[in-house]
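Thanks for sharing this one. Here are a few notes to read with the structure open beside you.

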Amino acid sequence: MADFHIGFDLGGTKMLAGVVGPDYQVLSKTKRKSQSQAGPEAVYEDIVATLKDALTQAGKTTKDIGAVGMSVPGILDRKKGTVVRTPNLGFYDFPLADRLKAEFGFPVVLENDVNAGTWGEFVAGAARGHEHILGVFPGTGIGGGLILNGRLYAGVGGNAGEIGHMILQVEGPLCGCGNRGCVEALASRTAMGKDAIGLIANGTLTGAYAENGADLKAISSKFFSQGLKEGNPHIIAIIDRAADLLGTHIGGCLNLLNPELVLIGGGLVEKLGDYYLKRVEKAMRASAWEFVAADAVVKAAILGDDAGLIGAADLACKAVEA
Ligand SMILES: [Zn+2]
């Protein structure tokens, strides 16, 4: 069995590929913009080119590679290796694993992106040494991953762990998934951005905060970290509300799963740091049963982009060896 595997993180805005060696070191990293509007064939061609670049950069050939793990945001049929649906990239029932295998010759395994990230932190990052892990990744959306008894729990169809799409407020705001009042529609960075736009529109937020007007895309995690740094009370109130809602929801999940680790990663944690993490934790401890909360520690993810690469590569390696 080859010692090297490739982890590929196919995102809505960028794609990232890395050759991962033994002991989980990432030997090369290549990046391309995802031409999400250009259609599935154009995205596929970019995936092929990015894989070739990753091999060249690491000084490897296809023969050195045991398997490729593709982490994909969307609904997958992992047994067939098809991408059932990714609204961001235009794939519908796309036979991604078979197409890539025909092109390169190595086996290709598809995995949900947050599952891959949680697994990466489990084998090589902040979650090492824990067996029962709830991974939560608040950013543009809110993703979740579950490791139970030391194994990835993906559910019967491979789509378990969607902590962001549990309903917290009946008849609440519309979510990207079509339901109303999902945690993601209330507490993601996108939801926080909508709050900020409301305050820009009514004149509460002014100056540099209002310079991009009502452009939701311009309201990044940095917008909130800046407000936090400057002590802007309106922006801090938005952060607090979102963190409290997410923490309350995680507390309920603690009662369901009794994990030993809540791993929190993604853009909001990276930019808002301890302030956000502690606020989420406080709300979590207030809503979970005390003895269940006492079993759980909260940690920030530490691998960033590498988590998805390492996790996808390792899961693919294990799937092929099984
Ligand atoms: Zn939803």
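Which domains does the domain assignment give for the protein chain?

1. This is a predicted model, so please read every point below in that light. The assignment gives domain 1 as 4–119 + 305–321 and domain 2 as 129–300. Taken over C-alpha atoms, the centres of domain 1 and domain 2 are 27 Å apart.

2. Next, the interface. On one side 11 residues of domain 1 make contact, and on the other 16 residues of domain 2. Together domain 1 and domain 2 bury about 990 Å², with carbon and sulfur atoms giving 59% of that area. Within domain 1, the residues that lose the most area to domain 2 are Asn115, Thr118 and Trp119, which together account for 50% of what that side buries.

3. What about polar pairing? The rule finds 0 salt bridges across the interface of domain 1 and domain 2. The count of residue pairs in polar contact between domain 1 and domain 2 is also 0, where both residues must be at pLDDT 80 or more.

4. On the side of domain 1 that touches domain 2, the elements giving two or more residues are strand S5 (75–77), strand S8 (108–112) and helix H3 (113–124). Helix H3 gives the most, with 5 residues. By type, the residues on this side of domain 1 split into 5 nonpolar, 4 polar and 2 charged.

5. Ser28 deserves a look. Its place is the loop between strand S2 (14–20) and strand S3 (30–33). Is Ser28 buried or exposed? Ser28 counts as buried because its relative accessibility is 3%, under the 20% cut-off. A polar atom of the Ser28 side chain lies 3.4 Å from the backbone nitrogen of Val19, and one lies 3.1 Å from the backbone oxygen of Ala54. Leaving aside residues up to four places away in sequence, Ser28 touches Ala17, Gly18, Val19, Ala54, Gln57 and Ala58.

6. Two backbone angles are worth checking by eye. Tyr24, also in the loop between S2 and S3, has a positive phi of about 65 degrees although it is not a glycine. With a relative accessible area of 29%, Tyr24 is partly exposed. Glu171, in the loop between strand S11 (151–152) and helix H4 (183–187), is another residue other than glycine with a positive phi, near 65 degrees. Glu171 is exposed, because its relative accessible area is 66%, over the 50% cut-off.

Terms used: Residues numbered from 1 in each chain as written. Predicted model: local features only at pLDDT ≥ 70, side-chain atom pairs only at ≥ 80, totals over all residues. Heavy atoms only, no water. Domains from an automatic or database assignment. Contact = heavy atoms within 4.5 Å. Buried area = accessible area lost by both parts, 1.4 Å probe. Salt bridge = Lys/Arg side-chain N within 4 Å of Asp/Glu carboxyl O. Polar contact = N/O pair within 3.5 Å; in protein donor to acceptor, adjacent residues only side chain to side chain. Helix = DSSP H or I, 4+ residues; strand = E, 2+ residues; numbered from the N terminus. Nonpolar A, V, L, I, M, F, W, Y, C, P; charged D, E, K, R; others polar. Buried < 20%, exposed > 50% of the residue type's maximum accessible area, 1.4 Å probe, protein only.
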